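I sat down with this one to go through the fold piece by piece. These are my notes, in the order I looked things up.

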Amino acid sequence: MVQGSKRFDVVVVGGGIVGLSAALEAQSRGHSVAVIDPGIATGRASYGNAGVLSRGSIFPMAAPGIRARLPRYALGRDVAVRARLRSLPYLMPWLVRFLLAAEEGAWRRAAAALDPMVAQAFDRHVALADLVGGRHLIRRNGWLRLYRSGDAFAGSALEREVLAHHGVRIDCLGEDEIRQLEPHLAHRFSHGIFFPDTGSVESPGELVELYRAAAGGRGAEFLDCTADAIVETEDGMAVLAGGRSIEGGHVVLAAGARSAALARTLGYRFPLAAERGYHRHFELPEGVELRRPVYDAAGGYVLSPMNGKVRLLTGVELALPDDAPDYTQIEAVEPDARKTLAFTNPVEEKPWMGSRPSTPDGLPVIGRAARHPRLVFAFGHGHIGLANGPATGAIVASLIAGEKPPLPVEAFSPARFGG
Ligand SMILES: Cc1cc2nc3c(=O)[nH]c(=O)nc-3n(C[C@H](O)[C@H](O)[C@H](O)COP(=O)(O)OP(=O)(O)OC[C@H]3O[C@@H](n4cnc5c(N)ncnc54)[C@H](O)[C@@H]3O)c2cc1C
């Protein structure tokens, strides 16, 4: 807990993978750091994701061809994407931008912008995990996308072309090769794409807790509460939280899907949607194993091995920010997922729900605020925030130090949304 009215070099709002990575990187430059976060582990997307540190995830959701699928999503005919109809008026400004971004040229440019960061994701995680004793939680086991027909696989041709352009290694697999990699999957997949340079995290929640403990061990102070507003002071910024004002030379806004609401307290309006996802763990029978995360393109779910169990994860649900969880989507994918892998009893009574902080163009928002140069935005990583949290932390720390960022960041500029 923060004591007295101390002033910090850096005040980070949000203790997920992005905020903690920024905190650790700032500390490594000798800065004093405070982290403001409610301290509820399961309240973070960083806790409940699929754990994939994907080398191939350079594609925004706003992809060519998605416009044609919208009626299916809106009518609830696609298990991978579900929209609660009453949320649509609220989401409309985001959706309009999303649809504008779903054009091939913009999509290719976004992939090119993401590629340098995504290329470093695995190594940056390992470097950070090494620092905090978390290396055992990270494996280089690849990631497998599975298709049930040649036609479905053919639909990935454009993505494969762009991956090849950026030098991302993939292996296209047939039925037998899939079986060799994953002997316990049912024989329902005719084609697969294997990403050998991808890794995964055995337990993302545990890794985040290690990062939190490491930041604490290096002197970061944690204020376990919710920030209400960010304000400018004479010589820096301050965060109003828990009835107090926490002052900092710099403030980093890394509150995941809730970041836009806080940015608004200073007049910035970012289009940020919470793309919800659900997960639940299941037991595996004796002798049955899953060796790496797999995505069933037709089933719209991911299965990810976690600590001897399997985590079943859903695609996207669009809802109002404070809507209660609705387990329809995870209940819909579970029977199909059971046909893929013979898992047994659920571990938890209820599934977990979390929110991917998503911009319409699929690029994160990383950079100094236009009117408040001591405020650094670091949010909006959508589906790839676990993987790219450490790289983002390094960028944030370099911006604070006035150094050249370690990666090209122009495309992530808040300025594209007027911020
Ligand atoms: C189902 C699912 C599967 C996913 N799979 C993957 C994957 O395999 N690989 C991958 O790379 N990414 C994946 N993601 C995405 C990834 O989890 C997110 O992009 C990433 O965790 C975002 O990190 P963050 O630190 O920005 O946000 P979060 O982890 O959500 O952390 C934000 C923190 O800010 C806190 N906060 C919010 N409001 C306030 C406030 N007002 N004051 C103070 N604190 C506040 C929250 O409580 C939280 O602790 C997945 C996401 C989901 C939902």
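Which residue in strand 21 does valine 251 stand opposite? I looked it up, and the answer is leucine 375. Before going on, a reminder to myself that this is a predicted model.

**Strand 13 and its partners**

That pair belongs to the contact between strand 13 and strand 21 (residues 375–379), which I find parallel over 3 bridges. Next I checked strand 1 (residues 7–13), which also runs parallel to strand 13, with 6 bridges joining the two. Valine 10 has histidine 250 of strand 13 as its bridge partner. Strand 12 (residues 236–241) pairs with strand 13 too, but in the antiparallel sense, over 5 bridges. There I noted valine 239, whose bridge partner in strand 13 is isoleucine 246. As a reminder, strands of a sheet pair through backbone hydrogen bonds, either parallel or antiparallel.

I also wanted to know how covered strand 13 (residues 244–253) is, and 7 of its 10 residues turn out to be buried.

**Strand 12 and two hairpins**

Strand 12 and strand 13 make a hairpin with 2 residues between them. In the turn I found glycine 242 with a positive phi of about 55°. On the other side of the bookkeeping, strand 11 (residues 227–233) runs antiparallel to strand 12, joined by 6 bridges. Those two strands form a hairpin as well, again with 2 residues between them. Threonine 233 has glycine 236 in strand 12 as its bridge partner.

Which residues of strand 12 point to the buried face? I get Met237, Val239 and Ala241. The side chains alternate, and Gly236, Ala238 and Leu240 point to the other face and are not buried.

**The small open sheet**

I then looked at an open sheet of 3 strands, with order 3-9-5 and antiparallel pairing. Its edge strands are strand 3 (52–53) and strand 5 (138–139), each pairing on one side only. Strand 3 is joined to strand 9 (residues 199–201) by 2 bridges. Valine 52 stands opposite serine 200 in strand 9.

**Core**

The largest nonpolar core has 127 residues, and Val13, Val252, Leu253 and Ala378 have the most contacts inside it. Helix 5 (residues 104–132) gives the largest share of this core, 11 residues. I followed up on alanine 378: leaving out residues up to four places away in sequence, it touches Val18, Ala22, Val252, Leu253, Ala254, Ile366, Thr392 and Val396.

**Around the ligand**

There are 41 residues around the ligand, and Gly16, Asn49, Gly256, Gly277 and Gly385 come nearest. The elements giving two or more residues to that shell are helix 1 (17–28), helix 2 (45–48), strand 14 (273–282), strand 19 (352–358) and helix 12 (385–401). Helix 12 provides the largest share, 4 residues. By class I have 18 nonpolar, 19 polar and 4 charged residues in the shell.

**Arginine 44**

Is arginine 44 buried or exposed? I have it down as buried, because 26 C-beta neighbours lie inside 10 Å, and the cut-off for buried is 20 or more. Arginine 44 sits in the loop between strand 2 (33–36) and helix 2. Not counting residues up to four places away in sequence, arginine 44 touches Gly16, Val208 and Gly256. I also checked its C-alpha against that of isoleucine 66, 22 residues apart along the chain, and got a separation of 28 Å.

**Asparagine 307**

Most residues other than glycine have a negative phi. Asparagine 307 caught my eye with a phi near 50°, a positive value. I located asparagine 307 in the loop between strand 16 (301–306) and strand 17 (309–314). Asparagine 307 has 13 C-beta neighbours inside 10 Å, so I logged it as partly exposed.

**Whole protein**

To finish, I tallied 12 helices and 21 strands. Buried residues make up 51% of the 419 residues. The radius of gyration is 21 Å, which agrees with a compact globule, because a globule of 419 residues would come out near 22 Å. Along the principal axes, the C-alpha atoms fill a box of roughly 65 × 45 × 40 Å. Of the contacts with a separation of 6 or more, 77% are between residues 24 or more positions apart.

Conventions: Residues numbered from 1 in each chain as written. Predicted model: local features only at pLDDT ≥ 70, side-chain atom pairs only at ≥ 80, totals over all residues. Near = placed C-beta within 6 Å. Nonpolar A, V, L, I, M, F, W, Y, C, P; charged D, E, K, R; others polar. Pairing = 2+ DSSP bridges. Core = buried A, V, L, I, M, F, W, Y, C linked by C-beta atoms within 7 Å. Buried ≥ 20, exposed ≤ 12 C-beta atoms within 10 Å, placed from the backbone. Contact = placed C-beta atoms within 7 Å. Rg over C-alpha atoms; globule rule 2.2 N^0.38 Å.
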